[in-house]
Number of protein chains: 4
Amino acid sequence: MSYRIGILTSGGDCPGLNAAIRGVARAAYQTLDVEIIGIRAGYRGLIDGDYQVMQQSQFSGILTMGGTILGTSRTPFRNMRVVEEDNVDKVHAMKMNYRAMRLDCLVALGGNGTHKTANMLSKEGLNVIGLPKTIDNDIYGTDFTFGFHTAVGIATDVIDRIHTTAASHNRCMVIEIMGNKAGWLTLYSGIAGGADVILLPEIPYDIENVAKVIEERARLDKNFTILAVAEGAMSREEAAMKRKDREAARAQSEYKNISQRVAAQLEQMTGVECRTVIPGHMQRGGSPSAYDRVLSTRFGVHAAHLIKEGRYGLTVALKGNEISENKLEDIAGVPKPVDPDDQIVRTARSMNISFGD
Amino acid sequence: MSYRIGILTSGGDCPGLNAAIRGVARAAYQTLDVEIIGIRAGYRGLIDGDYQVMQQSQFSGILTMGGTILGTSRTPFRNMRVVEEDNVDKVHAMKMNYRAMRLDCLVALGGNGTHKTANMLSKEGLNVIGLPKTIDNDIYGTDFTFGFHTAVGIATDVIDRIHTTAASHNRCMVIEIMGNKAGWLTLYSGIAGGADVILLPEIPYDIENVAKVIEERARLDKNFTILAVAEGAMSREEAAMKRKDREAARAQSEYKNISQRVAAQLEQMTGVECRTVIPGHMQRGGSPSAYDRVLSTRFGVHAAHLIKEGRYGLTVALKGNEISENKLEDIAGVPKPVDPDDQIVRTARSMNISFGD
Amino acid sequence: MSYRIGILTSGGDCPGLNAAIRGVARAAYQTLDVEIIGIRAGYRGLIDGDYQVMQQSQFSGILTMGGTILGTSRTPFRNMRVVEEDNVDKVHAMKMNYRAMRLDCLVALGGNGTHKTANMLSKEGLNVIGLPKTIDNDIYGTDFTFGFHTAVGIATDVIDRIHTTAASHNRCMVIEIMGNKAGWLTLYSGIAGGADVILLPEIPYDIENVAKVIEERARLDKNFTILAVAEGAMSREEAAMKRKDREAARAQSEYKNISQRVAAQLEQMTGVECRTVIPGHMQRGGSPSAYDRVLSTRFGVHAAHLIKEGRYGLTVALKGNEISENKLEDIAGVPKPVDPDDQIVRTARSMNISFGD
Amino acid sequence: MSYRIGILTSGGDCPGLNAAIRGVARAAYQTLDVEIIGIRAGYRGLIDGDYQVMQQSQFSGILTMGGTILGTSRTPFRNMRVVEEDNVDKVHAMKMNYRAMRLDCLVALGGNGTHKTANMLSKEGLNVIGLPKTIDNDIYGTDFTFGFHTAVGIATDVIDRIHTTAASHNRCMVIEIMGNKAGWLTLYSGIAGGADVILLPEIPYDIENVAKVIEERARLDKNFTILAVAEGAMSREEAAMKRKDREAARAQSEYKNISQRVAAQLEQMTGVECRTVIPGHMQRGGSPSAYDRVLSTRFGVHAAHLIKEGRYGLTVALKGNEISENKLEDIAGVPKPVDPDDQIVRTARSMNISFGD
């Protein structure tokens, strides 16, 4: 039997996408009679019929490259809970193009949004396999997504650099780390970088508690404080608001970024000079770490094996040290926030790291 | 209740030792009434009574540091299977010094040798907790040891650099990676670095097969080949020898390192210029990766919690994504070689990586 | 003859300070009969008499460390042009303490502010030697200051990471690089990182020209644009304002950072999504690069040689590939901005990099 | 006027080749009406007529890439001093192909061998411009070659990693650094890495002196010693031999690499455990540093400007902080070894670094 496999990357890009694409392709070429179709710019390419038949050589030399050779775009649906006419049209277009391309299977690399769409297409009768990528690590059912540990390494390197300069002056340094809904990246890099305070979306903070940490450290002659703050960190007041009201309040704020807002508050409360660092998209960029290259490769190879076995409607997952899979319908749309009682949060507390709560 | 905790690092050093020491200390100071005794240079310091009471400030600023602030030494016993008089004396000395220091518990950070001694001391009635560190990842019962992923990152970076220069000339590059008995480091970094051939102690190779890979790649106009070779990799002929004979044969070889031997053989067989890279101890050095800092910290904190709970005779372990523990007696002396049928070996084969077998 | 050398680091910290301190100390201990006095936190320590006699061992192991083991502080004078009473008191205190410490010489590591004070103390009759450090590279009379090339490396790494992620989406990325008055850091890292647009304090930009670059690139199907923007970059309108008015206008702006302001303008003008990255103080942190370690060591050793020769009132300098020196009075207070006609600016223009002018 | 520019990279590859190629191309496309011919694998491609007309897009995205997109090969002449028949044929072939390609100019990127050939072709009437690249920094007339500072950074990183692991045990670590005839790379990275001993081709060593350093350090309770040894370092006995005899003696040695030979000698003389690290070709690999990207770009742009001005028979050079040029005939075949009285050697001595002399 010969196969035509479509492959796309969707959502925010992250390190390891090319390594995973290469894993799928190389294992597929070796174990199957296969033609691989590269779909451009995520689901948009599937909707528009924008694709090309790939040459085997196009998958060479991409293991170490950041970004994605296929391009990506945001999820094509504004609101997947509502059956809007526009959505129906898009789903129809994707099914038509899947058929027009004569695909036997679609491999979709992405995060939560990508997996929701993958599940929808699977329910529509297409053969779909998901691969969980995101620097946010917030996909249910897998111990880790690829891209996450690379981003942790980058954010930790930022904190490391700040440490030396912070120690030379009397200062509080506020580092804003990616993660709007899930705080895993901030939590891991905060611990790895030796932060004194970690603020997460999942654990609302009281700014008074943060100010106390700074003052307590000054009292102990520790002349600097490092805060690792998730983009989506929330104060208790904000957490009590409705989402809509919270976003409106933030839009009106004098400070565009939470780190700037927190720094201004703390400077006023403590009198200690506070500076911000906003590494932003650099957390998504560059070559994947060795860990993520191995993980991406294993995910990709596993996807090829599932295709060989004719098993679809699944997404690949890391469980302990083994790669296996979950049903798309079981994980699509299920968030994986940091549990405030997670072992690693308790570890951080034992290290005297404050969550401001 | 107040505690006196002795802590030592033994065996080859590796990144994360200081992070783990800091984890034990910081969690212990926060949750217990504690005095921490730093024992110098591994078990040698316990035998000689070479130690100091640590100040809390000595555990600050060491999270990112390579090496070990306590120093280390090789395992004090030549041959633990034989009850030699010398060994009996050493064990006696260690027990005496444990009592003289008035320790409530000894925390020993190390690899397989360290854990054997830790188990022996535990059986002699001392309260012992082990922490599994080694860049070789060959300790039974834990998914990963700390230090391993940092070393994988370093070895992968070496392979990455070699890739660009190899691609400019027609060459075969042989990179010798640490690991005498266990091939995990070579396996992971070989996959992460995109090696074409991986030679491991656990999978005896036939040099003819390796030569064929080089020739096949030349035939496909791929003008270079990358070999990741473990220090302890063995040809089939060597694997058939007794250990003593094998070591004698190696000592007589013209080439001191396996990479040089393999390179010379391949150059003669294929006519392709072969060069060697021997990164050696740089694989043990430098700051631990973010992954290993988090793992080391979690291990250290867990050890402190076990002390609080009065649970001894254990070693800390990573199982899936949770830190728990194993009994020292269950894991001491149990090797963890690469299983030739391990999922990750099969993954590598699916990626068309040759093991020369 | 025996010497007592005082040493201090002043102004913003930067990589290489410890390497330079070690250079002075190690060469002084080897070639002179010497006692070294570490003055705490820059000139503040000289004013307050906050210092300690250093042990030779304190200069070991610091070559690779970021920050400064002596601590630092901002220049003690608000406005050195005006002879304020407060300034007179401070100068008096410094002279008194110099004598109280029985110093033969003061070595001051710092930037332009530090050198102004060093020159003032020299004119007051103290034996002073300056060492030019700053990531801004804006000290007159030396080809490079130490710290600069390390910062260029860090900023370039940021741009590199942004490149991969920018290429996956259609975006304009605005990276804000340190440098309020001098654009060297932005100029070098912009070229090294392959930026499309570089905005500097020395070359006022017209935002229309920047928007045109984005649009022109879109027209050529280049789907992303990278801007390297110095903190102190100025539009033509701003450049025409008096400094006071400009600062007032900025303080009232909705956007705290120039990158956020520029991104908002460009997003509105072009419709292309614009994101900002503000690496901030991470550009001052971490281990100095090999280049800066060699330069810092050479500067430090040269200072020790000048002391041996009894030559004071000087600052060390790199000229071509040789270390020599300048008179403090010749360089103190002389700025070194980027000359818009500098060879390297013209090189950038030849590479089709826009300065927005 | 329209131009056809041929470009080739010859000799050992090094970081920055692609950045320099891009510099030439981008400046040429912008300032000239130009077609660029990529000649494959150095002078071999010019001899064989192996080349292609490049597309402008082929020069995009290569700034950060190691290696060379054009491939390289060793210099085509065995012995350029002798006018061999074979050489005459090769020169003839190169002239014929230069004409067949209708080139207006040939840009040759390479080291000393490359420049000798470039000069020969220039004397034969071809329009030639050289660009000095080599990690060895041994090209006369330029302060630095591109590739050098990247290699210094890599070798320094190796020494840094060794430092932490060396400090945990009692050991002497011998790091073998590239450089057969010139010791610049070992000298700079030895200083930057804080080596205790530096052995260079230009300063013959006495192994007794090296052993004394190890013993003296042990006496001062410094429990490790770091040696940075150039591949081509020579003992006094070797230096006294004729080259032919020296090479014969080395070929017969039990140890293939100088680091292994030195380590064995020192271990026997001092009883201290000695280990070797041979980073080899990794010193040529990977992305160029920011410093080298700027330098390569400036060199490339300057070459394009020389073409525009119709100035040939030159090689580009860094003098102080300006890019200018030298005549090929003035620099071809002129070595640039480390002068034992160079300021930087004296700096190293002032830092108490031993050269074993």
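Q: At what angle do helix α13 of chain C and helix α11 of chain D pack, and how far apart are their axes?
A: In this predicted model, α13 (residues 343–350) of chain C packs against α11 (residues 290–308) of chain D at about 75°, and the axes are 10 Å apart.

Q: What makes α13(C) roughly perpendicular to α11(D)?
A: The label covers angles from 65 to 115 degrees. The angle here is about 75°, so α13(C) counts as roughly perpendicular to α11(D).

Q: Which residues make that contact?
A: On the α13(C) side you'll find Ile344(C), Thr347(C) and Ser350(C). On the α11(D) side sit Thr297(D), Arg298(D) and Val301(D).

Q: How do you know how chains D and B are related?
A: Just superpose them: a rotation of 180° with 0.0 Å of shift along its axis puts chain D on chain B, with an RMSD of 0.0 Å. The two copies are thus related as by a two-fold rotation axis. Both copies use the same surface, too, since 100% of the contact residues of chain D recur in chain B.

Q: Why is chain A called as compact as a globular protein of its length?
A: Set the two values side by side. Chain A has a radius of gyration of 22 Å, and the globule rule gives 21 Å for 357 residues; those are close, so the chain is as compact as a globular protein of that length. Along the principal axes, its C-alpha atoms fill a box of roughly 75 × 40 × 30 Å.

Q: How many of the residues in chain A are buried, as a percentage?
A: The figure is 60% of the 357 residues. To count as buried, a residue needs 20 or more other C-beta atoms within 10 Å of its own.

Q: What share of the chain A contacts joins residues at least 24 apart?
A: Taking contacts between residues at least 6 apart in sequence, it's 77%. As for secondary structure, chain A has 13 helices and eleven strands.

Q: What makes β7 and β9 of chain A edge strands?
A: Four strands form an open, parallel sheet in the order β7-β8-β6-β9 in chain A. Each of β7 (197–199) and β9 (274–277) pairs on one side only, and that's what puts them at the edges. On average, neighbouring strands are turned by 20° against each other, direction ignored.

Q: How do you know that β6 and β8 of chain A pair?
A: Pairing takes at least two bridges, and seven join β6 (residues 171–177) to β8 (residues 224–230) in chain A. Met173(A), for instance, stands opposite Ile226(A) in β8(A).

Q: Which strands does helix α7 of chain A touch?
A: Helix α7 (residues 207–219) packs on the sheet and touches β6, β7 and β8 of chain A, with its direction at about 160° to that of β8(A).

Terms used
Residues numbered from 1 in each chain as written. Chains lettered and ligands numbered in written order. Predicted model: local features only at pLDDT ≥ 70, side-chain atom pairs only at ≥ 80, totals over all residues. Helix = DSSP H or I, 4+ residues; strand = E, 2+ residues; numbered from the N terminus. Rg over C-alpha atoms; globule rule 2.2 N^0.38 Å. Buried ≥ 20, exposed ≤ 12 C-beta atoms within 10 Å, placed from the backbone. Contact = placed C-beta atoms within 7 Å. Least-squares fit on C-alpha atoms with pLDDT ≥ 70 in both. Axes fitted to C-alpha atoms, helices over the stretch in contact; angles between N-to-C directions. Parallel < 35°, antiparallel > 145°, perpendicular 65-115°, else oblique.
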